[in-house]
Amino acid sequence: MLFKKAPFNDPRVREAIQLAIDYQRLNDLAFYGVSGIGCPLAGLAHTPSECETWPGLRPKDSAGGRTDIEKAKQLMAEAGYPDGFTTEYHVRQVGTNADQCAVVKQDLKNHLNITGELITYSSAAG
């Protein structure tokens, strides 16, 4: 499992990644603006606008979003990766999966200097 492999075995790295992803940008570019930001129980327990105030889900061009990026950088430094690291992004070529991965890959490069190759597989590659 991926979370058992360094550097992903460090919860600070996983939290930093979650904080650094721009979910509004992901929605706009990979889902053509129709998916939303992953607000749990949207419309039932929480409104999408409420979720946009939460760490990680805040727009990265807002004060809260900039705080998320700073916290992500701090977590990476604490985990021993102040300059980022190189990894591989593996994704099946199904639906918008490759587009989603490309957006996330760019966010992680821009904010945390996590770089690496995007490797795609056919949809039947299970």
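Tutor: A residue is called buried when its relative accessible area is under 20%, exposed when over 50%, and partly exposed in between (1.4 Å probe, protein chains only). The model is predicted, with local features taken at pLDDT of at least 70, side-chain atom pairs at pLDDT 80 or more, and totals for chains, interfaces and linings over all residues. Residues are numbered from 1 along each chain as its sequence is written, and side-chain values use heavy atoms, without hydrogens and water.

Student: Why is cysteine 51 called buried?

Tutor: Cysteine 51 has a relative accessible area of 0%, which is under the cut-off of 20%, so the residue counts as buried. Cysteine 39, at 13%, is buried too, and so is cysteine 101, at 14%.

Student: How do you know that cysteine 39 and cysteine 51 form a disulfide?

Tutor: A disulfide is a pair of cysteine sulfur atoms within 2.5 Å. The S to S distance for cysteine 39 and cysteine 51 is 1.9 Å, and the rule yields one disulfide in the model.

Student: Which parts does this pair tie together?

Tutor: Cysteine 39 belongs to the loop between α2 (23-30) and α3 (48-51), and cysteine 51 to helix α3, so the link joins parts 12 residues apart in sequence. Helices are DSSP runs of H or I with at least four residues, strands are runs of E with at least two, and both are numbered from the N terminus.

Student: What makes the disulfide right-handed?

Tutor: The torsion about the S-S bond is about 50°, so the disulfide is right-handed.

Student: Which residues of α1 are buried?

Tutor: In α1 (residues 11-20) they are Val13, Ala16, Ile17, Leu19 and Ala20. Down the axis they fall within an arc of 165° and therefore line one face of the helix; the arc is taken from the directions between the helix axis and the C-beta atoms. Among the elements covering them are α4 (63-78), β1 (85-92), α5 (97-112) and β2 (114-121).

Student: Are α1 and α4 roughly parallel or roughly antiparallel, and how do you know?

Tutor: Their axes come within 8 Å and cross at roughly 160°. That makes the two helices roughly antiparallel, because the class needs an angle over 145 degrees (under 35 is roughly parallel, 65 to 115 roughly perpendicular, the rest oblique). The axes are lines fitted to C-alpha atoms, for helices over the stretch in contact, and angles run from 0 to 180 degrees between N-to-C directions.

Student: Which residues of α4 make the contact with α1?

Tutor: Asp68, Ile69, Lys71, Ala72, Leu75, Met76 and Glu78 of α4 meet Arg12, Val13, Glu15, Ala16, Leu19 and Ala20 of α1. Contact means heavy atoms within 4.5 Å.

Student: What is the angle between α2 and α5?

Tutor: It is about 145°, and their axes lie 9 Å apart. From α2, Arg25, Leu26, Leu29 and Ala30 take part, and their partners in α5 include Val103 and Val104.

Student: Why is leucine 41 called exposed?

Tutor: Its relative accessible area is 56%, over the 50% limit, so leucine 41 is exposed. Leucine 41 sits in the loop between α2 and α3, and its phi is near 55°, a positive value in a residue other than glycine.

Student: Why is asparagine 113 called partly exposed?

Tutor: Its relative accessible area of 40% lies between the two limits, so asparagine 113 is partly exposed. Asparagine 113 is found in the loop between α5 and β2, and has a positive phi of about 55° although it is not a glycine.
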